[in-house]
Amino acid sequence: MTNTERPLAISAPEPRTLDLIFSDKARAELHVKYEIVEADPENIAGLGDGILGKARYIIGQPPLSAETLGRMPALRSILNVESNLLNNMPYEVLFERGIHVVTTGQVFAEPVAEIGLGFALALARGIVDADVAFRQGSELWGGEGNSSARLLAGSEIGIVGFGDLGKALRRVLSGFRTRIRVFDPWLPQSILEENGVEPASLEDVLTKSDFIFVVAAVTSENRGFLGAEAFASMRKGAAFILLSRADVVDFDALMAAVSSGHIVAASDVYPEEPLPADHPVRSLKGFIRSAHRAGALDSAFKKMGEMVLEDMDLMDRGLPPMRCKRAERETVSRMRSKPVAVN
């Protein structure tokens, strides 16, 4: 096969890089199999017709217009390696033409679920505060240091959202003999039951849980839907763990609920990222903080590259992509998650 016969792929993976998402071996394979054209995501339209006319794949999710897509007759797939689906291209045109829009976001499910479990255990047993006290020489020994400690085992769990991350959470919690209630209005009851969880209303998840994990994507319908009323309805001392996107909560109301002592919380995401140095959550007692690092493991990023290569190979052979997750016509335009600003 000559270079001119190789399928052409436009590489515009920001905020990722090819070095981040492909191992040395996988990147070498990518360049052997495909002609790679590096491009500025904001200027895909500026590429010549000789490139756009041949492009079979786009690695990334650059903003695209219907006009630009019209210049890309060979395009088969947009492979989103950021993970959030942005409303920055005419999805109706893509679907009408049978162009696959796929994401690699499921690579983050297991790493984020594991850190979520870590947050829950840390909140339940006061691990972070106990460590700080020990460092300061003010530790409490034995039972005196466990006045507010409790077990995760046998507790009542609530999960808001049950996509890839929700399912991964259910798996990591499986050994703790918990009762898991799930609220997800986009899923039928039978799918939840088949995954061994109880379908529940949002009210039941909030009011009947010792630990609440929020893993719902941000959509046009749920921005800030967890506010002061939701936090007030939670059991006193309940743990609220935010793992998806900060836009689903009223963050000020969350901080107020923690500050009052009504609940404790942990979060990996924030309304602004990076967070300002003087943001009040930095010094909030009863709140465990993580700097949007839950899923950012090199092993997860490299898995993205493997998935991209496997699906491109399938599509080269006239088969549908199977490793990445396909965007759905009915829901893609409702997504409102912000892209990550840093790796």
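## Exercises on salt bridges

A search of the whole structure finds 16 salt bridges (a side-chain nitrogen of Lys or Arg within 4 Å of a carboxyl oxygen of Asp or Glu). The model is predicted, so local features need pLDDT of at least 70 and side-chain atom pairs count only at pLDDT 80 or more, while totals for chains, interfaces and linings use all residues. Residues are numbered from 1 along each chain as its sequence is written, and side-chain values use heavy atoms, with hydrogens and water left out.

**Exercise 1.** Find the salt bridge between K33 and E29 and place it in the fold.

*Solution.*
- Step 1: the side chains of K33 and E29 meet at 3.0 Å, N to O.
- Step 2: both residues belong to helix α2 (residues 24–33), 4 residues apart, or about one turn of the helix. Helices here are DSSP runs of H or I with at least four residues, strands are runs of E with at least two, and numbering starts from the N terminus.
- Step 3: K33 counts as partly exposed because its relative accessibility is 33%. Buried means under 20% relative accessible area, exposed over 50%, and partly exposed in between (1.4 Å probe, protein chains only).

**Exercise 2.** Which parts does the pair R56 and D316 tie together?

*Solution.*
- Step 1: the closest N and O atoms of R56 and D316 are 2.8 Å apart, forming a salt bridge.
- Step 2: R56 lies in strand β3 (residues 55–60) and D316 in helix α13 (residues 298–316), so the pair ties together parts 260 residues apart in sequence.
- Step 3: D316 is partly exposed, at 27% relative accessible area.
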